[in-house]
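Biologist: I am new to this structure and would like to learn how to read it. Please take me through the features one at a time.

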Amino acid sequence: MVGKGQKIETRDEEVGLHARSFLQRRQNAFLILVDDLEHDRRDRLDAIYSRYRLALDTMLGELHWRTSVHFLVNMLEAYYFADAKAINAALRLSLQD
């Protein structure tokens, strides 16, 4: 990026382009960017969040307020896949499928 005059990386630009296309086609829609933040990357949370926000804010302009960035951590994504065993192991609960 440095020396190339780019504000964001090309792959981040692609994310922004997809987001913009989605929001432009759907006037009443919102976009939630979700990252499965693995344990070994949790110490870089601020940098990762900033990278996503920069990509969305740069590529979306006035549409940026219709987006948010969220992270799934500690295997909580298992909740979305209805895997009670994984949730129980991560959070020491006793949920059932």
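Modeller: Start with pockets. On a 1 Å grid over the protein atoms alone, a cavity is a set of points where a 1.4 Å probe fits but cannot get out, while a pocket is an open set with protein on both sides within 12 Å along at least five of seven lines; lining residues have an atom within 4 Å of a point. Grid points are joined across faces, edges and corners, and a volume is the space filled by probe spheres set on the points. The largest pocket holds about 170 Å³ of space. As to the source, this is a predicted model, in which local features need pLDDT of at least 70 and side-chain atom pairs count only at pLDDT 80 or more, while totals for chains, interfaces and linings use all residues. Residues are numbered from 1 along each chain as its sequence is written, and side-chain values use heavy atoms, with hydrogens and water left out.

Biologist: Which residues line the largest pocket?

Modeller: The lining consists of Arg 11, Asp 12, Val 15, Leu 33, Asp 35, Arg 41, Arg 44, Ile 48, Arg 51, Tyr 52 and Ala 55. Helix 1 (10–25), strand 1 (31–36) and helix 2 (45–60) each give two or more residues to this lining; helices (H or I, at least four residues) and strands (E, at least two) are DSSP runs, numbered from the N terminus. Helix 2 gives the most, with four residues.

Biologist: How do the residues of the lining divide into nonpolar, polar and charged?

Modeller: Ala, Val, Leu, Ile, Met, Phe, Trp, Tyr, Cys and Pro count as nonpolar, Asp, Glu, Lys and Arg as charged, and the others, Gly among them, as polar. Here five are nonpolar, none polar and six charged.

Biologist: What is the pattern along the sequence?

Modeller: The protein has four helices and two strands, in the order α-β-α-β-α-α. Two strands pair if DSSP finds at least two bridges between them. Strand 1 and strand 2 (residues 67–72) pair in the parallel sense over six bridges. The chain crosses from strand 1 through helix 2 to strand 2, in a right-handed β-α-β crossover (with the strands pointing away from the viewer, the path from the first strand over the helix to the second runs clockwise). Leu 33 stands opposite Val 69 in strand 2.

Biologist: Which side chains of strand 1 are buried?

Modeller: In a regular strand the side chains alternate between the two faces of the sheet. Buried means under 20% relative accessible area, exposed over 50%, partly exposed in between (1.4 Å probe, protein chains only). In strand 1, Leu 31, Leu 33 and Asp 35 point to one face and are buried, whereas Ile 32, Val 34 and Asp 36 point to the other and are not. Of the 97 residues of the protein, 28% count as buried.

Biologist: How many aromatic pairs are there?

Modeller: Rings of Phe, Tyr and Trp (its six-membered ring) pair if their centres lie within 6.5 Å; planes under 30 degrees apart count as stacked, over 60 as edge-to-face and the rest as tilted. The count comes to two aromatic pairs. Phe 30 and Trp 65 are edge-to-face, at 6.0 Å centre to centre and 75° between the planes. Tyr 52 and Phe 71 have ring centres 6.4 Å apart and planes at 40°, so this pair is tilted.
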